[in-house]
Amino acid sequence: MNDRIEDQAWQWHCALQGDDADWDGFTAWLEADPAHRAAYDEVALLDDALDDQRARLDVIVPSDDDTSAAGKGRRWALWAGGAVAAALALFVALPMLEPGNVAPQDYRTAAGQTREIALGDGSRITLGPSSHLTVAGSLQDKIALEGGAWFDIRHDPDRKLTVTASGRQITDIGTQFDVVAVPGYLHVAVAEGQVAVQSSDQDTKPIQLSAGHSLSIDAQASAATVRQVEPQDIGSWRAGRLVYNDAPLLLVVADISRYVGRQIIVSPDLASRRFSGVLAAEDGAKLVDELDDLMGLEAQVEGDHLRLVAGGR
């Protein structure tokens, strides 16, 4: 990875903080070279770590309360290159690389916002929009999730990570998988490796999921469905694309709700409908209209939420 790509990565990171962010251009840049994704991940992880350690870093670097794109640009300009950047990186990394010293951490995102989280063993989590994640345990191996997240977990036979979501436990020793957890519904998709999904009833045999498979659990229907999926489509929301192949409408609506920032309810007669297609996630406000047009639906405002019904009602 060269300096030019690193410079581009932090420039994109700063630019994406603005309301007029060029998401199409950013997606094209990410897909142009695998090194672009790696560089951007590094920038986002460091920025998150610096925010988490801000009180301690104020001793070294003067505080900058401006969180705008311009403010972040000035901060990166100040921290870029040389011994200062190296010292700051070491200052932030040391407590993260000692799992036994890491206190429970709480992370949240707003509608349409994502966040990169680095664990002490090198594992990474991308927290999706309107989501809440807690990391606990001396090995950072006990995680609770509400909303959506992508997990890239380093293989370690001596540590079994457990994610609690929608009343179930997802266990893994090293893999890549995506989770959507909302009240009454859980969706797990595995891009690499294997995970086990266990219900709250420990006497029940866990469901094993291997790469290229997804599990959808609808608590209301008391149904669990395992399907084959394309590994490259799993977690595609990180690049601004929501990709579905014969997905239940409940899953699609759960995803869109987290981008729109308000709950979307599906009319009972539509619960069995399925959707295949790609939705662009750059503009959450347009996602509902796009889904309505593709599926012949109508969105009705009911208090603080939306209800999707068959078109023409």
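Where does Gln140 have its place? Gln140 sits in the loop between β4 and β5 (142–152). Keep that loop in mind as you go through the views below, which come from a predicted model.

**View 1. The whole chain at a glance.**
Before zooming in, get to know the overall make-up: the chain has 8 helices and 18 strands. Of its 313 residues, 43% count as buried. Now take the contacts between residues at least 6 apart in sequence: 48% of them join residues at least 24 apart.

**View 2. Gln140 and its backbone angle.**
Back to the loop between β4 and β5, where Gln140 is found. Gln140 is not a glycine, yet its phi is positive, at about 55 degrees. Is Gln140 buried or exposed? Its relative accessibility is 7%, and because buried means under 20%, Gln140 counts as buried.

**View 3. Asp246, a positive phi in a strand.**
Here is another residue other than glycine with a positive phi: for Asp246 the value is near 55 degrees. Asp246 belongs to strand β14. With a relative accessible area of 28%, Asp246 is partly exposed.

**View 4. The β6–β7 hairpin and its neighbour β10.**
Strands β6 (residues 161–165) and β7 (residues 168–172) run antiparallel and are joined by 5 bridges. If you would like to find one of these pairs, look for Thr162, whose bridge partner in β7 is Thr171. The two strands form a hairpin with 2 residues between them. In the turn, Ser166 has a positive phi of about 50 degrees. β7 also pairs with strand β10 (residues 194–198), again in the antiparallel sense, over 3 bridges. There, Ile170 has Val197 in β10 as its bridge partner.

**View 5. Ser130 and the residues around it.**
Ser130 lies in the loop between β3 (124–127) and β4 (132–136). Its relative accessible area is 30%, which makes Ser130 partly exposed. Although Ser130 and Gly112 are 18 residues apart along the chain, their C-alpha atoms are separated by 7.0 Å. Leaving aside neighbours within four places in sequence, the residues in contact with Ser130 include Thr109, Glu146 and Arg258.

**View 6. The cavity.**
How many cavities of 30 Å³ or more are there? The count comes to 1, and the volume of this largest cavity is about 390 Å³. It is lined by 25 residues, and the closest to its centre are His187, Asp233, Val243, Tyr244 and Leu251. Strand β14 provides the largest share of the lining, 8 residues. By type, the lining divides into 11 nonpolar, 6 polar and 8 charged residues.

**View 7. The largest nonpolar core.**
A general idea helps here: in soluble globular proteins, nonpolar side chains tend to be buried together. The largest nonpolar core in this model has 30 residues, and among those touching the most other members are Leu242, Tyr244 and Ile256. Elements that give two or more residues to this core include β9, β14 and α8 (284–295). Helix α7 gives the most, with 7 residues. Tyr244 is a good residue to pick out: not counting residues up to four places away in sequence, its contacts include Leu251, Phe275 and Leu279. A second, separate core has 27 residues, including Leu133, Leu161, Leu186 and Val188.

How values were computed
Residues numbered from 1 in each chain as written. Predicted model: local features only at pLDDT ≥ 70, side-chain atom pairs only at ≥ 80, totals over all residues. Heavy atoms only, no water. Pairing = 2+ DSSP bridges. Helix = DSSP H or I, 4+ residues; strand = E, 2+ residues; numbered from the N terminus. 1 Å grid on protein atoms, 1.4 Å probe; cavity = no way out; pocket = protein on both sides within 12 Å on 5 of 7 lines; lining within 4 Å. Points joined across faces, edges and corners; volume = space filled by probe spheres on them. Nonpolar A, V, L, I, M, F, W, Y, C, P; charged D, E, K, R; others polar. Core = buried A, V, L, I, M, F, W, Y, C linked by side-chain atoms within 4.5 Å. Buried < 20%, exposed > 50% of the residue type's maximum accessible area, 1.4 Å probe, protein only. Contact = heavy atoms within 4.5 Å.
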